[in-house]
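Me: I'm new to this one, so could you walk me through it while I look along? I'll ask as I go and jump around a bit.

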Amino acid sequence: MKAKFPNQYASWLATSKQQERSDMLANYPAAIILWAGSAYAKEYHSPRGHHFAVADVSHTLRTGVAPAEGQKGLSASCWTCKSPDVPRLIDELGVEGFSAKNFTDLGTEMNSVVYCTDCHVKGSAKLALPRPHAQDAMSKVHLPFEKQDSNMQGSQVCGQCHVTYYFQPERSNKVNIPWIFGSTADLIEKYYDTRRFYEWIHPISKTPILKARHPEFEHWSRSEHAKVGVSCISCHMPQSSDSKGKTFTNHQVSKALPNYDTVCQDCHTDKQALLTKLETGKAQIDAKAREVELLLVKAHYEAGAAWDAGASWPIMNDAIMAIRHAQWRWDFAMSSHGLYAHNPQEGNELLDTAIEQASYARTALAEVLSMLEVKQVSYPDISTKESAQKAVGIELDKLTEKKQAFIKDEIDKHWPEVSQHGY
């Protein structure tokens, strides 16, 4: 592929330069309380270049260490979007055979990061959709890959991974995209509620929690950009020229604004006006998100105080469901990278509803607490990542020590080189 498509290969290789990332838990410690009871409260960083895909999922505390012999550990489904070796393994093992494996069992098989065959028919520029969960999802929303134009196919290729999903417990934890009723937050919530599905029970409030995962495709598909045929590729993989003037699609998937002249200017003729609009929109969404987080932190602890005082499910159900639904909408908005640019209208609507639901939960809990004669609720210190993790019992030093030992003894010695890239 390097010889056949040298410009595309060189630009793909440049994703290894996109090393910067942020500790999102340090930036937003309240999220630790909301995600208490899950691996997300241990470590959560902003994404970086595709070249780090295998290494980052290998090293994160979220994937932990190998389970004891004979025990079931984290599903191999966590590899699904990280390597072109995944479709190969699914072909060999079957979808459920792959997902039934432990994550750590298949580390030695991940020989490459996100690469040509994740998006193209091998040896050609023709687009492909190699992951079964993506094929199934596009059929659910009546957008079968083979019947779409190149713009939609390109976005669907990105949407194999830049999409929300869950692991289907009754199917060996295989990846499933919850679009039976549709792909909006409301319709996905309907699907989860109908199935009585939850990812974990919150240890403080006993809320059955839902987790959104980077639903960029969903937000884009309802955006103004999508309506006028502007795809993921239009903005994030612009046309470039090499030293000989030959044009090619730049595979260093990155932010759009640095390429304003190429990808934005035709529609947004005033760069400063666009920057101001984006900055204002981001500030608005961020402010609403912080408001939801504070409401939910208090709601989780108020529910915990009610349980401690002897509350029963019949009097707690409304409040708990309001917490579940508010947190789902907050997560569906904030897990989506670039929401303020992709679909700010939907982002604001999600967070406005989340504020209403979280406020309702607190009002309902206030009545319960009054009924149970609870005079005071103790809230956690969420001023820092360290204090928030301490509040929910996360011993970061111990987790890090175990993970580093696993990296030293297993990953560094036995896993392919790409698993160490950037570390």
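Me: What covers the buried residues of α5?

Reply: This is a predicted model, and in it the cover over the buried residues of α5 includes α6, residues 95-99, and α7, residues 132-140.

Me: And which residues of α5 are buried?

Reply: Helix α5 takes in residues 85-93, and Asp85, Val86, Pro87, Leu89 and Ile90 are the ones buried there.

Me: What follows α5?

Reply: Glycine 94 comes after α5, and the phi of glycine 94 is positive, near 85°.

Me: Which residues other than glycine have a positive phi?

Reply: Two examples are histidine 142, with a phi near 60°, and asparagine 173, where phi is about 65° although the residue is not a glycine. As background, most residues other than glycine have a negative phi.

Me: Where does histidine 142 lie, and is histidine 142 buried or exposed?

Reply: Histidine 142 lies in the loop that runs between α7 and α8, the latter being residues 150-158. Its relative accessible area is 67%, and because a value over 50% counts as exposed, histidine 142 is classed as exposed.

Me: Same for the other one: where is asparagine 173, and how exposed is asparagine 173?

Reply: Asparagine 173 is placed in the loop between β1, residues 166-168, and β2, residues 174-176. With a relative accessible area of 25%, asparagine 173 is partly exposed, because that class covers values between the 20% limit for buried and the 50% limit for exposed.

Me: Changing topic. Which helix does aspartate 193 lie in, and is aspartate 193 buried or exposed?

Reply: Aspartate 193 belongs to helix α9, residues 185-195. The residue is buried, because its relative accessible area of 17% falls under the 20% limit.

Me: What does aspartate 193 touch?

Reply: If residues up to four places away in sequence are not counted, aspartate 193 touches Met321, Arg324 and His325. With arginine 324 there is also a polar contact, in which the two side chains are joined at 2.8 Å.

Me: How do α9 and α15 pack?

Reply: Helix α15 covers residues 313-334, and α9 packs with it at an angle of about 135°, the two axes being 11 Å apart. The two helices are therefore oblique to each other, and their crossing is right-handed.

Me: Which residues meet there?

Reply: From α9 come Ala185, Asp186, Ile188, Glu189, Tyr192 and Asp193, and on the α15 side they meet Met321, Arg324, His325, Trp328, Arg329 and Phe332. By type, the residues of this contact divide into 6 nonpolar, 1 polar and 5 charged.

Me: Just past α9, where is arginine 196 found, and what does the side chain of arginine 196 reach?

Reply: Arginine 196 is found in the loop between α9 and β3, where β3 is residues 200-201. The side chain of arginine 196 reaches the backbone oxygen of aspartate 193 at 2.8 Å. Arginine 196 is exposed, with a relative accessible area of 68%, whereas aspartate 193 is buried.

Me: How far is arginine 196 from proline 208?

Reply: Their C-alpha atoms are separated by 9.0 Å, and along the chain arginine 196 and proline 208 are 12 residues apart.

Me: Another helix pair then. How do α14 and α17 cross?

Reply: Helix α14, residues 271-308, and helix α17, residues 344-371, cross at roughly 25°, and their axes come within 9 Å. They are therefore roughly parallel to each other, and α14 passes α17 in a left-handed crossing. The residues of this contact divide into 17 nonpolar, 3 polar and 6 charged.

Me: Now a residue in α17: what is glutamine 357 in contact with?

Reply: Glutamine 357, which has its place in helix α17, is in contact with Ala322, His325, Ala326 and Arg329, leaving aside neighbours within four places in sequence. Its relative accessible area is 18%, so glutamine 357 counts as buried.

Me: Last one, where is cysteine 267 found, and how far is cysteine 267 from tryptophan 415?

Reply: Cysteine 267 is found in the loop between α13, residues 260-263, and α14, and with a relative accessible area of 63% cysteine 267 is exposed. The C-alpha atoms of cysteine 267 and tryptophan 415 are separated by 46 Å, with their positions 148 residues apart along the chain.

Key
Residues numbered from 1 in each chain as written. Predicted model: local features only at pLDDT ≥ 70, side-chain atom pairs only at ≥ 80, totals over all residues. Heavy atoms only, no water. Buried < 20%, exposed > 50% of the residue type's maximum accessible area, 1.4 Å probe, protein only. Helix = DSSP H or I, 4+ residues; strand = E, 2+ residues; numbered from the N terminus. Contact = heavy atoms within 4.5 Å. Polar contact = N/O pair within 3.5 Å; in protein donor to acceptor, adjacent residues only side chain to side chain. Axes fitted to C-alpha atoms, helices over the stretch in contact; angles between N-to-C directions. Parallel < 35°, antiparallel > 145°, perpendicular 65-115°, else oblique. Left-handed = near helix turned anticlockwise from the far one by under 90°. Nonpolar A, V, L, I, M, F, W, Y, C, P; charged D, E, K, R; others polar.
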